[in-house]
Structure formats: structure tokens, C-alpha cells
Amino acid sequence: MLKTRKKLVGIVLALTMLLVSAGAGASAPAAANPSAISGFLPIGPYANGAGWGSIYSDGTLTTGTTYKFVSGIAAPYGVSLGLFGGYIQFDMGAATPIANDPNNPYGVDFIVYGNNSTGNNPEAGSVAVSSNGTDWYELAGSRYYNPAGDTYGVQHIPQISYIKVSATDAKFDATGIWYSWNYAGNVSAATWHFVNSSLRWWPDSSKGYDLVYDIDGYVNTTGGAPYVVVDRDAGPYEIITYKNITGLNPYGFNDPANFQFGYFDVTPNGSNYGTAVNPYVPYSSSKIGGDGYDLSWAVDPSGEPVALDSVRFVRLYSSIMSIDSTSGGISSEVLGLYRAQAATGDGAATSDLEIWNAAETVETETTNMGSVTVAAGSYVIYSDEDYVFVNGSSVDASTGYSLSLSSGDIVQIITQSGTESPYVTVIKCT
Ligand SMILES: [Ca+2]
Ligand SMILES: [Ca+2]
């Protein structure tokens, strides 16, 4: 049973939303799709050729005049992002960022479409966003807070490096692509792993990729830490390093149910582009509509929520850590990105979440898109919302859900009902 109710909070928020809506004015709607592409560097399989390998609809691998994605779904070919880290980056336009609008149904602010048309072949990718092209924040998916050692865990690693070996030597006994987790700049000292020979495709300079990977200079020239660093002259090698990424343990990669929310190339697209489906509804064969993203999921590298009003840039990257698979590798595809369209949901979250100590005598106050620090111990959470997720796992908190916290634990709780935006909060244990 709920100890108290918080309907007053809901009423206040509803009034606030009415005021915001009334003040919004009648400005022209922003374009549904990105206005430009501002970064692209795939690696490994499938990214070759003018089909899945090109960001242009009218050109070759790395040259063209018309971007895919800017006028809708890229059909029949979007892009394949290749191995873990490979990415594409969209620019929504300086004057038309994606807003974190609480009136968007389910809180979904934009939707990413992959090529998992049957639902049987998810290849999950992750998303980071930025307002200025310099400061980037991951949108924490349902597995973001899972420990690395868990079956469905993730690894938050500073970087992954790939090296192209053109001639064998004392360090590398095969030509092709090798990779190293958290390579620190000393080729000889690092531990390198060989990539299966079927996955060798490399974005060579001769193929034009030096002109493509930071198309408009956003990646490397805005003063922030670049996402990708390409070293074409590392002795006899070339090295490509992707930074600040979250990797998904590959176990169960081929079941969409293992990627509840926050991952693209998972939910089949259908054809109602720009209309969100509820990301908190469990996956089933009838769930179609692409993968919706909520800016309220934004976190800093420590997993703390970051309140973003809007973002101009969206980076999509391949995030399954299955690199030397003999089956051909796991490579996320992107067919399109749409901002959430005109439909109006029930508005902001009504904050139906309570957290009590085990004796149910002391309540911990939480905030939407905020965090609170608590002592180690046992807690009980209550919520009557349609969906309640604790670190990405659906729980029933209607009669109390017990939570045991140890020092250092970090727990994300999301509650969501109807078409309301979710309530997203994080508890950190001292
Ligand atoms: Ca939102
Ligand atoms: Ca795919």
C-alpha cells in the first residue's frame, strides 16, 4: 500500500504545463529529420559500398551531394555502423534542436529507425546527445546501470582502439584488424585481439574517410574531447580510437526483449514515422514503431542524471561488444531519425513514487531528472504507475518493492503511466 499520495504535485505540474503550452506560440514546426550529418566513421563489416556504407543518396562511398536521412527514411539503404564504436552523428540545426517536451507522448523526444524489420535480428546501438557539439551525454538505456559482470551488464570503458596491420611483425602474427580495450598509446605494451578475417573492412584514407568522419569539423575542432581519433601514421599501423562508450555484453543480443528501452535497431519500424510507441511496453511481435528516446535519460559519465532542455546533436553508435564473432559480427544499422511529431500526451510525470526505509518510518524525497544520496540499507519503493523500472528491470511496486543498497550502489528508478512523460530519478548509496 502507498503510505501517502502526491496528487497535489500532479495538479501543480498540470497547471504548469497549461501555462507553458499557452506561452508556446505558433512558430513553424521544425523539420522532422536531421538537417545535416556531422560525423560518420564505421569500421568492420557491412559498411562498404554505396549502399549500407554511404551517407549519400546520390553518390559513392564517401562522396555525394545529398545526405540520406535529411528528408525521411533512407530506403532501401541507410547506413551500417560496423563494429562497437562505429557511429553516425546528426545535426538537427542550430535553430531547431530537439526539445525535451513533457507533452510528448511517453516523454519520447525523437525516434531512431533501424533495419530489424522482422523483430528477430536486433543489433543494439546506443545514443549520446549534445547541445553544443562539445559536451556529450549518454542517454542511459535499460541496461546502463547493470554491472559489467552481469549477464546483461554493460561496460563503461574509456575507449576502444582498432589497429590495421598491413604486414606481420613481432607483435602481430596476422594482417588485418586487431582491437584493444583502453589502449594507452603504446602499441607494443597493449594487449591486442585479432578480429575475425571476415570483418576486416577498414575506413582507409584512400576511400575518402578523412573527409567524412568529422564532416563539418564538429568532432575534433570545437575544443571538447573528440569521440573518435584517427591516427593514420602510427608507425607501420593505422589506429582508430572511439572514446567514452558504453558496451553491451553480447549475451542474448538476438532477443529484442533484452533491450527494453534506450537502444536502436531493436524495435521494427512500421511506417508511422515520427509517432512514438511507448518504450516501457515490453517487447512483443506486435510492438512496432522504432526506438523512441527521451532526453530525460541523459546522464553524465558517473551515471548522474543531467537535465537537458534540448539537444542539437545526436550520435548513434554500435554498442554490442561482439567483435571477433565468427558469424559476421554485430553491426547496428540506421534508416532514419525523426523528432517526435505533433501528437500530445498527458504531459509531465506525476511523480507517483515513494521510497521508504525498511521500517517505513522515514521517506526519501526524490526529484525528476535528479539524484539523491542515501545510506546503505534496505528500502521499500511504492508506485501505482503502469510501469516501474529499477535499473531497467520491470518491477511491481504497487504493494511495495524491496531494495537492498550497499555502499557504492547506484539505482535508476523510472515510473510511467498512460501517455505521460516518465519520472526518472537516481539513488546513490554512500
Ligand atoms: Ca522527453
Ligand atoms: Ca540491423
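Select strands β23 and β24 to begin: they form a hairpin with two residues between them, and Asn391 in the turn has a positive phi of about 45°. Strands here are DSSP runs of E at least two residues long, numbered from the N terminus, and two strands count as paired if DSSP finds at least two bridges between them. This is a predicted model, in which local features need pLDDT of at least 70 and side-chain atom pairs count only at pLDDT 80 or more, while totals for chains, interfaces and linings use all residues. Residues are numbered from 1 along each chain as its sequence is written, and chains are lettered from A and ligands numbered from 1 in the order in which they are written.

Staying with this hairpin, β24 covers residues 393-394 and is joined to β23 by two bridges in an antiparallel arrangement, with Val390 standing opposite Ser393. Extend the selection to β26 (residues 410-416), which pairs with β23 (residues 387-390) in the antiparallel sense over four bridges; there, Phe389 has Ile414 as its bridge partner.

Next, select Thr373, which is found in strand β21 (residues 370-374). With 10 C-beta neighbours inside 10 Å, Thr373 counts as exposed, the limits being 12 or fewer for exposed, 20 or more for buried, and partly exposed in between, with C-beta atoms placed from the backbone. Leaving aside neighbours within four places in sequence, Thr373 is in contact (C-beta atoms within 7 Å) with Lys428 and Thr430, and its C-alpha lies 5.6 Å from that of Cys429, although the two are 56 residues apart in sequence.

Move on to the open sheet of five strands, ordered β10-β9-β8-β12-β11 with antiparallel pairing. Because β10 (193-194) and β11 (228-234) stand at the edges with a single partner strand each, one side of each is left without a neighbour in the sheet. At the β10 edge, two bridges join it to β9 (residues 176-181), and Tyr179 stands opposite His193. At the other edge, five bridges join β11 to β12 (residues 237-248), with Val230 and Ile240 as bridge partners; these strands form a hairpin with two residues between them, and Gly235 in the turn has a positive phi of about 65°.

Finally, select Ile88, Val129, Val314 and Leu316, which have the most contacts inside the largest nonpolar core, a set of 105 residues. Such a core consists of buried Ala, Val, Leu, Ile, Met, Phe, Trp, Tyr and Cys residues joined through C-beta atoms within 7 Å. Around Val129, not counting residues up to four places away in sequence, the residues touched include Tyr137, Leu295, Phe313 and Val314.
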